[in-house]
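Here are my notes after a pass through this one, in the order I would raise them over coffee. Have the structure open while you read.

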Amino acid sequence: MNGLACKNPAMVQASDFAFSGLHIPGNTSNAVGSRVTPVAVTQIPGLNTLGISMVRIDYAPWGINSLHTHPRATEILTVIEGSLEVGFVTSNPENRHITKILKKGDVFVFPVGLIHYQRNIGYGNAVAIAALSSQNPGVITIANTVFGSKPDISTDLLAKAFQVDKSLVWQLQAKF
C-alpha cells in the first residue's frame, strides 16, 4: 500500500495523466537560487502505483539545489541548459565525494538515499530535468531538516555532532 487510494477506473479522465507548465521557468529569487517544479503523483494522479516521477530544476547563476536525499528513489538528471557541478557522498564508512561537471545534454545518476546536490557554475541560468524511480520519492533537505526541525533538536546534541560551538548552532537554527 502506497498510502494513496486508486481512483475508480470508471472516473478516470485524460487530465489524470497530464501536466502542463513544465516549460515555465521557476522563480529562483530565494536564498539558494533554485526552484524545483515537481511532477509527481500529487500533480498527475495517473502516476499512482507506476513508480515514476520527474522534476524541473531552475538555477540562478551560482544557485544550488541544496544537499538533500530522496529516501524512496534513485534520480537521473539531464542538463537542458547551462553547466552544473553535481555530486553525491557514498555511505559510511567511506563517505566518498563523487562529483562531476555537467554541460548541456549530459546525464548523471544519484543512487537512492545518498546525499547529493547540484550547483550552477555559470553566469547564466541553468535548467535540468530529473526523473525519479518513485511516484513519491520524498525529499529530505539536510540543512532544513537538521537546523529547522520543530521543535528544535538540542543545541548541545548538534554542537557535539558537528563539533562546533553552541552559538553557531543557535545562529543556524535562527536562519531556518
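**Notes on the model**

1. Let me start at K166, which is partly exposed with a relative accessible area of 37%. Keep in mind throughout that this is a predicted model. The side chain of K166 meets that of D156 in a salt bridge, at 2.8 Å from N to O. K166 sits in helix α3 (residues 166-175) and D156 in helix α2 (residues 155-162), so the pair ties together parts that are ten residues apart in sequence. D156 is partly exposed as well, at 44% relative accessibility.

2. How many salt bridges does a search of the whole structure find? The search gives five. Besides the helix pair, have a look at K150 and D152, where the closest N and O atoms are 3.9 Å apart. The cut-off for a salt bridge here is 4 Å, so I would check that pair by eye. K150 is exposed because its relative accessibility is 64%, while D152, at 45%, counts as partly exposed.

3. Is the salt bridge between D58 and R56 made by buried or exposed residues? D58 counts as buried at 4% relative accessibility, and R56 is buried too, with a relative accessible area of 9%. The closest N and O atoms of D58 and R56 are 2.8 Å apart.

4. K150 comes up again for its backbone: the peptide bond from K150 to P151 is cis, with omega near -5°. P151 is in the loop between α1 and α2. A second cis bond runs from N92 to P93, with omega near 5°, and P93 lies in the loop between β5 and β6. Why flag these? Most residues other than glycine have a negative phi, and most peptide bonds are trans.

5. On the phi side, two residues deserve a look. T49 has a positive phi of about 75° although it is not a glycine. T49 belongs to the loop between β1 (34-39) and β2 (53-59), and it is exposed, with a relative accessible area of 54%. W62 also has a positive phi without being a glycine, at about 65°. You will find W62 in the loop between β2 and β3, where it is partly exposed, with a relative accessible area of 40%.

6. Now the sheet. Five strands make an open sheet with antiparallel pairing, in the order β6-β5-β8-β3-β10. Its edges are β6 (97-103) and β10 (140-141), each of which pairs on one side only. Strand β5 (residues 83-89) is joined to β6 by seven bridges, and one place to see this pairing is V86, whose bridge partner in β6 is K100.

7. Which strand of the sheet is mostly covered? That is β8 (residues 116-120), where four of the five residues are buried. β8 pairs with β5 over five antiparallel bridges; L84, for instance, has N120 as its bridge partner in β8. Strand β3 (residues 64-69) is joined to β8 by three bridges, again antiparallel, and N65 has Q118 as its partner there.

8. I142 is worth a click. This residue is in helix α1 (residues 142-147) and is partly exposed, with a relative accessible area of 23%. What does I142 touch, leaving out residues up to four places away in sequence? The contacts are L67, H68, T69 and I115. By contrast, L132 is ten residues from I142 in sequence, yet the two C-alpha atoms are 19 Å apart in space.

9. For the surface, look at the nonpolar patch made by I76, V107 and V109, which comes to about 230 Å². I76 lies in strand β4 (residues 75-81) and counts as partly exposed at 38% relative accessibility.

10. Last, the overall division. The domain assignment splits the chain into domain 1 (27-138) and domain 2 (143-176). Taken over C-alpha atoms, the centres of domain 1 and domain 2 are separated by 25 Å.

How values were computed. Residues numbered from 1 in each chain as written. Predicted model: local features only at pLDDT ≥ 70, side-chain atom pairs only at ≥ 80, totals over all residues. Heavy atoms only, no water. Patch = residues over 30% accessible without salt bridge, like charges linked within 9 Å, V, L, I, M, F, W, Y side chains within 5 Å. Areas by Shrake-Rupley, 256 points an atom, 1.4 Å probe, with all protein chains shown as cover. Buried < 20%, exposed > 50% of the residue type's maximum accessible area, 1.4 Å probe, protein only. Domains from an automatic or database assignment. Pairing = 2+ DSSP bridges. Contact = heavy atoms within 4.5 Å.
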